[in-house]
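Got a minute for a protein–DNA model? Pull it up in your viewer and keep these notes beside it.

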Number of protein chains: 2
Amino acid sequence: MTHLRVRPLIVESVRPSEPCAACEARPFSVCNAIDQRDIERLAALAVSLSVDAGRTFIEEGDPAEHFFNVTAGTAKLFKLLPDGRRQITGFASMGTFLGLAVSSTYAFGAEAVEPMRICRFSRPKLRALLDDFPAMEKRLLEVASNELVAAQEQMLLLGRKTARERLASFLVTRGVCAGNGAPACGHRAAEKVTLPMTRSDIADYLGLTIETVSRTLTRFKSERLIDIPNAADILIRDHAALRSLATGLH
Amino acid sequence: MTHLRVRPLIVESVRPSEPCAACEARPFSVCNAIDQRDIERLAALAVSLSVDAGRTFIEEGDPAEHFFNVTAGTAKLFKLLPDGRRQITGFASMGTFLGLAVSSTYAFGAEAVEPMRICRFSRPKLRALLDDFPAMEKRLLEVASNELVAAQEQMLLLGRKTARERLASFLVTRGVCAGNGAPACGHRAAEKVTLPMTRSDIADYLGLTIETVSRTLTRFKSERLIDIPNAADILIRDHAALRSLATGLH
DNA sequence: TTGCTGCCTTGATCTGCATCAAGGCAGGTT
DNA sequence: AACCTGCCTTGATGCAGATCAAGGCAGCAA
């Protein structure tokens, strides 16, 4: 609290530092529904931004003026209760499209858990573009459908799984789909799972407390299911056991 | 178990008893994205079916060969764990579109909680139709987006709300949006909330047990928040108190 | 170096809801 | 009427995970 923040909270560069055509995230995002010769129209709408770790770039309840596409880093998406209880509804990494909602306000907040780059689009302008590119609209529907399936899986976890099952599910899902910043989701089980988020984030994602998350991971370690070389990295030692725990088998 | 079931489990009538043009559910469903002069093409694909109460008409994990549209009655959508634990992820009533998923198998099961009428569409045929009607694809994206928002709200409920808050949220949401088979969702608070599902369904929807649901409703009654003339009907006596409970205020 | 801060771990205790158990009631069958 | 059966309610007890409390450790500023 000893000095004023003089830097803008979000560093803007209206011209994307690298245009959509060369975007590393494009293969993983809805943008790849637009082919090479039309990509300029998309690039004209995109505003590339840096977001510092810890920065909230979507505030729940604010007017929803933009869509976002994550090009690097990780964000947590969350909803709050008035007394501060928090539910993290998901993590967004490279390629994730944010802001799908009919409502005029954001239904959730978003905060960077590590330094991020995001692409920002004006809602009305992107909507207009979508009218010309039904292929992209189709991709968005696919993305939304997949997220719905994931959301239902998460409801099962939150409503009916034990703490051990929740952590096992979390590690298995992360291991398969979000390993080490390689979001290609190659469906190969990773040896090492990197967790850019804190224990508190994991707790709020799984509907537990930070203490339960810590204790459960420690117990997994003593059971030789995992190793914890440091808090941010988990080594999977017994994939089969974790997977069967995750699906509710004992 | 004393006699064989001779009736087919689902009564089919390939010609819809009433064509799409006259469908009561159309104003509430994605079908209204197709205008009057093209509606025949949709009608040609639709197969209208009756589903008995208690009948499972979507089996989780089965090949996803159809889309469904609910035209009357209510279904519960659910996911199961191998040991029988169940999470109900939502209830589908008139106008609800079911089966949105990229995967080739259904991600959830569906069972009628009261007698239903549903419209069934072959997946590949409806997909082909969608290519000709981007307006309907757009509507589907809207529907999916709204369901995502609802799913996130449900995650907050399951992960962070107390039993009292869950029941209050349930009653308030039902009161506003699903009152008495009038799914117009007129955003007017209903006096009476009709619950076609059992206490066990409510418990599996809210991540609680049947006993906790019963006890909590009884307590609401003793606190003059509601009346329970019979198990299926709840009279809301103090909307404001329920709403503030639902949002986590005490 | 010292001290501070944020994050994580571990232990002791508490509690909200689950579990176990029993009984009530409405609707249907014999 | 007598008897199921399915569903709901109510009471007694138990426990998984929350809460309370304390200490460890890495990174960083003074």
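What follows is a quick tour of the protein interface and then of each DNA strand.

Keep in mind that this is a predicted model. Chains A and B meet through 46 residues of chain A and 46 residues of chain B, and the area buried between them comes to about 4,100 Å². DNA strand C has 15 residues around it, and 15 residues also surround DNA strand D.

**Where chain A meets chain B**

- Carbon and sulfur atoms give 65% of the area buried between the two chains.
- On the chain A side, Leu141(A), Met155(A) and Arg160(A) lose the most area to chain B, and together they make up 18% of what that side buries.
- The rule picks out 10 salt bridges across this interface.
- If you want one to look at, try Arg160(B) with Asp204(A): their side chains form a salt bridge with an N to O distance of 2.8 Å.
- There are also 18 residue pairs in polar contact across the interface, counting pairs with both residues at pLDDT 80 or more.
- Four elements of chain A each give two or more residues to the side touching chain B: strands E5 (75-80) and E6 (86-92), plus helices H3 (134-160) and H5 (199-206).
- H3(A) is the top contributor to that side, with 20 residues.
- Sorted by class, the chain A side that touches chain B has 20 nonpolar, 12 polar and 14 charged residues.

**Around DNA strand C**

- The residues that come nearest to strand C are Arg215(A), Thr218(A), Ala163(B), Thr212(B) and Arg215(B), so named from both protein chains.
- Sugar or phosphate accounts for 62% of the strand C atoms within 4 Å of the protein, with bases making up the rest.
- For a backbone contact, look at Arg199(A), where a polar side-chain atom sits 2.9 Å from a phosphate oxygen of strand C.
- Two residues of chain B reach bases of strand C: a polar side-chain atom of Glu211(B) is 3.0 Å from a base nitrogen, and one of Arg215(B) is 2.8 Å from a base oxygen.
- Helix H6 (210-222) of chain A and helix H6 (210-222) of chain B each supply at least two residues of the surface near strand C.
- The largest share of that surface comes from H6(A), with 4 residues.
- By class, the surface near strand C has 3 nonpolar, 7 polar and 5 charged residues.

**Around DNA strand D**

- Nearest to strand D come Ala163(A), Thr212(A), Ser214(B), Arg215(B) and Thr218(B).
- Of the strand D atoms that come within 4 Å of the protein, 61% are accounted for by sugar and phosphate.
- Three side chains of chain B are worth zooming in on for phosphate contacts: Arg199(B) has a polar side-chain atom 3.0 Å from a phosphate oxygen of strand D, Ser214(B) has a side-chain N or O atom 2.8 Å from a phosphate oxygen, and Thr218(B) has a side-chain N or O atom 2.8 Å from a phosphate oxygen.
- H6 of chain A and H6 of chain B are the elements giving two or more residues to the surface near strand D.
- H6(B) gives the most to that surface, with 4 residues.
- The class breakdown near strand D is 3 nonpolar, 7 polar and 5 charged residues.

Note on methods: Residues are numbered from 1 along each chain as its sequence is written. Chains are lettered from A and ligands numbered from 1 in the order in which they are written. This is a predicted model: local features need pLDDT of at least 70, side-chain atom pairs count only at pLDDT 80 or more; totals for chains, interfaces and linings use all residues. Side-chain values use heavy atoms; hydrogens and water are left out. Contact means heavy atoms within 4.5 Å. Buried area is the accessible area (1.4 Å probe) that two parts lose on being put together, summed over both. A salt bridge is a side-chain nitrogen of Lys or Arg within 4 Å of a carboxyl oxygen of Asp or Glu. A polar contact is a pair of N or O atoms within 3.5 Å; within protein, one must be able to donate a hydrogen and the other to accept it, and residues adjacent in sequence count only if both atoms are side-chain atoms. Ala, Val, Leu, Ile, Met, Phe, Trp, Tyr, Cys and Pro count as nonpolar, Asp, Glu, Lys and Arg as charged, and the others, Gly among them, as polar.
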